[in-house]
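Work through the exercises below with the sequence and the model open. Try each task before reading its solution.

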Amino acid sequence: VSVSQLATMAVRAAARLRADCRIGAADAVCPYDLAEQQDLVVRLVPLPSMEGMYAPIPKPTILVSAERPPGRRRYTCAHEIGHHVFGHGTR
């Protein structure tokens, strides 16, 4: 899969998620609220050497480094939601 194909897949998945959650294309999204709507657990934890991670089992959970600035934490949460949407595991 090329980078442009992957980008197209990501844009389409984001549009589907917005539609499923009744969020307009131009509406702002809080990734923490979106995670809650998707029944994801989000935990801010002290992770000095990484931004965050997604673990699908036992319950889909996103870990976000509490040691990053607030904007970076939101970005990381949104990124990890993408892993959930694509059905990725811990690798």
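**Exercise 1. Locate Asp39 and describe its backbone and its surroundings.**

Step 1. Asp39 sits in the loop between α2 and β1 (41-45). Helices (H or I, at least four residues) and strands (E, at least two) are DSSP runs, numbered from the N terminus. The model is predicted, so local features need pLDDT of at least 70 and side-chain atom pairs count only at pLDDT 80 or more, while totals for chains, interfaces and linings use all residues. Residues are numbered from 1 along each chain as its sequence is written, and side-chain values use heavy atoms, with hydrogens and water left out.

Step 2. Asp39 is not a glycine, yet its phi is positive, about 60°. Most residues other than glycine have a negative phi, and most peptide bonds are trans.

Step 3. With a relative accessible area of 51%, Asp39 is exposed. Buried means under 20% relative accessible area, exposed over 50%, and partly exposed in between (1.4 Å probe, protein chains only).

**Exercise 2. Do the same for Arg22.**

Step 1. The loop between α1 (3-20) and α2 (31-37) holds Arg22.

Step 2. Phi of Arg22 is near 60°, a positive value in a residue other than glycine.

Step 3. Arg22 is exposed, at a relative accessible area of 80%.

**Exercise 3. How do β2 and β3 pair, and where does Pro58 lie?**

Step 1. β2 and β3 pair in the antiparallel sense, over 4 bridges. Two strands pair if DSSP finds at least two bridges between them.

Step 2. The bridge partner of Ala55 is Thr61, in β3.

Step 3. The two strands, β2 and β3, form a hairpin with 5 residues between them. Pro58 lies in this loop, between β2 (52-55) and β3 (61-65).

Step 4. The peptide bond that joins Ile57 and Pro58 is cis, with omega about 5°.

**Exercise 4. Which residues make up the largest nonpolar core, and how is Cys77 placed?**

Step 1. The largest nonpolar core has 11 residues: Leu17, Cys21, Ile23, Leu34, Ala35, Leu40, Tyr54, Ile62, Val64, Cys77 and Ile81. α2, β3 and α3 (70-85) each supply at least two residues of this core. Such a core is a set of buried Ala, Val, Leu, Ile, Met, Phe, Trp, Tyr and Cys residues joined through side-chain atoms within 4.5 Å.

Step 2. Cys77 is found in helix α3 and is buried, at 0% relative accessibility.

Step 3. Leaving aside neighbours within four places in sequence, Cys77 is in contact (heavy atoms within 4.5 Å) with Pro31, Tyr32, Ala35, Val42, Ile62 and Val64.

Step 4. Thr76 is also placed in helix α3. Thr76 is buried, with a relative accessible area of 4%. Outside the four places on either side in sequence, Thr76 touches Glu51, Gly52 and Val64.

**Exercise 5. What lines the largest pocket?**

Step 1. About 510 Å³ of space lies in the largest pocket. A pocket is, on a 1 Å grid over the protein atoms alone, an open set of points where a 1.4 Å probe fits, with protein on both sides within 12 Å along at least five of seven lines; lining residues have an atom within 4 Å of a point.

Step 2. The lining has 19 residues, and Ala10, Ala14, Ala78, Ile81 and Gly82 are the closest to the pocket's centre.

Step 3. α1 gives the most to the lining, with 7 residues.

Notes: Points joined across faces, edges and corners; volume = space filled by probe spheres on them.
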